[in-house]
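Got your viewer open? Load the model below and keep a selection box handy, and we'll walk through it stop by stop.

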Amino acid sequence: MSNFGPCVLSIISPMSTERSLSLTPGVCMAAHESNYNTAATHYNSYDGSTDFGIFQINSRYWCQYGNEYSSNICQISCTALLSNDISVDVECVKIIARDSNGMSCAVPCTTGSQSESVSCI
């Protein structure tokens, strides 16, 4: 497990080169979703899915976790998202950002906002 901070994450993350996802939202998402913890998981009792890794990528849509149903759009094992090497996580987040609905219900990252919505990342 590793806890990346915003400065380290900004140095190692190539997300700032993506047209659809700038670095600032990526760093904000990592802070809010996992507190920069690469080994973070969260079980979602409302649908039985689990969120994985520094960006809390959801097993229902984006990665495959065991035998549970998944669209597995990123074509990866969810456990690959728990490594200190976040390159797999970053590649999956790029796919999510390019998807027409991928980032639509992510928790908002606006300064001073306390509002939240259900994350589908």
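**Stop 1: the strands**

Start by selecting Asn44 and Ser49: Ser49, in β2, is the bridge partner of Asn44. Before going further, a word on what you're looking at: this is a predicted model, in which local features need pLDDT of at least 70 and side-chain atom pairs count only at pLDDT 80 or more, while totals for chains, interfaces and linings use all residues. Residues are numbered from 1 along each chain as its sequence is written, and side-chain values use heavy atoms, with hydrogens and water left out.

Now show β1 (41-44) and β2 (49-52). They run antiparallel and are joined by four bridges; two strands pair if DSSP finds at least two bridges between them. The two strands form a hairpin with four residues between them, and Gly48 in the turn has a positive phi of about 80°.

Next, add β3 (57-58). β2 and β3 are also antiparallel, paired over two bridges, with Asp51 opposite Asn58. This hairpin has four residues between the strands too, and here Gly53 takes a positive phi near 80°.

Is β2 covered on one face or both faces? Both: Ser49 and Asp51 on one side, and Thr50 and Phe52 on the other, are all buried. Buried means under 20% relative accessible area, exposed over 50%, and partly exposed in between (1.4 Å probe, protein chains only).

**Stop 2: the salt bridges**

There are two salt bridges to find, each a side-chain nitrogen of Lys or Arg within 4 Å of a carboxyl oxygen of Asp or Glu. Pick Arg60 and Asp47, whose side chains meet at 3.4 Å, N to O. Arg60 sits in the loop between β3 and α3 (87-98) and Asp47 in the loop between β1 and β2, so the pair ties together parts 13 residues apart in sequence. Arg60 is partly exposed at 23% relative accessibility, and Asp47 is partly exposed at 22%.

Then jump to Glu91 and Lys94, which meet at 3.2 Å, N to O. They are three residues apart in helix α3, about one helical turn. Glu91 is partly exposed at 42% relative accessibility, whereas Lys94 is buried at 10%.

**Stop 3: the core**

Which residues touch the most other members of the 18-residue largest nonpolar core? Select Phe55, Ile57, Trp62, Cys63, Ile76, Leu81 and Cys92. A nonpolar core here is a set of buried Ala, Val, Leu, Ile, Met, Phe, Trp, Tyr and Cys residues joined through side-chain atoms within 4.5 Å. Two elements, α2 (23-34) and α3, give two or more residues to this core, and α3 supplies the largest share, four residues. As background, nonpolar side chains tend to be buried together in soluble globular proteins.

Zoom in on Ile76: leaving out residues up to four places away in sequence, it touches Trp62, Cys63, Gln64, Leu81, Val88 and Cys92, with contact meaning heavy atoms within 4.5 Å.

**Stop 4: zoom out**

Color by secondary structure and you'll get three helices and three strands, in the order α-α-β-β-β-α from the N terminus. Helices (H or I, at least four residues) and strands (E, at least two) are DSSP runs, numbered from the N terminus. Of the chain's 121 residues, 42% count as buried.
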